[in-house]
Amino acid sequence: MTPPFSSALVIIPTYNEKDNLEIICSRLRAAVDSADILIVDDNSPDGTGDIANALADADSHIHVMHRTTKNGLGAAYMSGFRWGLEHGYEALVEMDADGSHQPEQLPRLLNALSTADMVKGSRYVPGGSVVNWPKSRQLLSRGGSWWTRAMIGIPVADITGGFNAFRADTLRTIMPEITSVGYNFQVDLTWQVILADLTVAEVPITFIERERGQSKMSSSIVVEALLKTTAWGIQYRKSQVVSWLRAVFIYH
């Protein structure tokens, strides 16, 4: 499949993903053979970085960035974004290494990006779904998305989703405003796109819980994200009230 861009880069952050990395790269290369891959490894102690090097040696479409410390998903993606922009890619994509994001569904994100500034692969729009998640995890995810929409008024169904595609110019616009590095990073990206008056589209995806390796998610990460979103929401609603009061006093 050829995407509607002359160049696309899929960024895959890794930490202890030795059992998944080769599989996901193979599937991705089969799904969109014209896209390049950047593996951003945070000094995985399980040998993931060595596997990434071997993949890059065997395929000129695969590149590797080795980071010396593990300091957050957002920091890894921001490093990948900067690398991709420096190398002139027109479209940049976030994708998990664990197989939860299906590479076969990437073409629908890239196609939608031809008429949007950011595209989110969404679990919670018609046609989207989640496979092999316990009810508690689904409730937490849906609740987090609902809370974020309520607090800051984002009209996006799957605000916390991490399978996202961006135009290069979109990232150039929003990256200076991004302050999050953890779980809230995905919310921050979408929020900044909307604040910049750019367009966000959602396309349905099937999200499948990882079969190999250990999830990096924890309740403390989610709580931290919700607290930060709440702080954003309070500030946002305060600014709305101030704007309304100004309008009242100016025009009356």
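**Nonpolar cores and the packing of helix α1**

In this predicted model, the largest nonpolar core holds 31 residues, of which Val10, Ile12, Cys25, Ile39, Leu106, Leu109 and Val119 touch the most other members. Two or more residues of this core are given by each of β1, α1, β2, α2, β4 (91–94) and α4. The largest share belongs to α1, with 5 residues. A second core of 23 residues is separate and includes Val40, Phe81, Met118 and Ala168.

Leu109, one of the residues that touch the most other members of the largest core, has contacts with Val119, Gly121, Phe163, Asn164, Ala165, Val203 and Ile205, when residues up to four places away in sequence are not counted.

Helix α1 spans residues 21–31, and its buried residues are Leu21, Ile24, Cys25, Leu28, Arg29 and Ala31. These residues lie on the same side of α1, because the arc they cover around the axis is only 160 degrees. Glu22 and Ala30 are exposed on the other side of the helix. The buried residues of α1 are covered by elements including β1 (8–14), β2 (36–41), α2 (48–58), β3 (62–66) and α4 (106–112).

The pairing of α1 with α2 was examined further. The two axes come within 10 Å and cross at roughly 30 degrees. α1 is therefore roughly parallel to α2, as angles under 35 degrees count as such. The crossing in which α1 passes α2 is right-handed. On the α1 side, the contact is made by Leu21, Glu22 and Cys25, and on the α2 side by Thr48, Ile51, Ala52 and Leu55. Of these α1 residues, Leu21 and Cys25 are buried, whereas Glu22 is exposed.

Conventions:
Residues numbered from 1 in each chain as written. Predicted model: local features only at pLDDT ≥ 70, side-chain atom pairs only at ≥ 80, totals over all residues. Heavy atoms only, no water. Buried < 20%, exposed > 50% of the residue type's maximum accessible area, 1.4 Å probe, protein only. Helix = DSSP H or I, 4+ residues; strand = E, 2+ residues; numbered from the N terminus. Arc of directions from axis to C-beta. Contact = heavy atoms within 4.5 Å. Core = buried A, V, L, I, M, F, W, Y, C linked by side-chain atoms within 4.5 Å. Axes fitted to C-alpha atoms, helices over the stretch in contact; angles between N-to-C directions. Parallel < 35°, antiparallel > 145°, perpendicular 65-115°, else oblique. Left-handed = near helix turned anticlockwise from the far one by under 90°.
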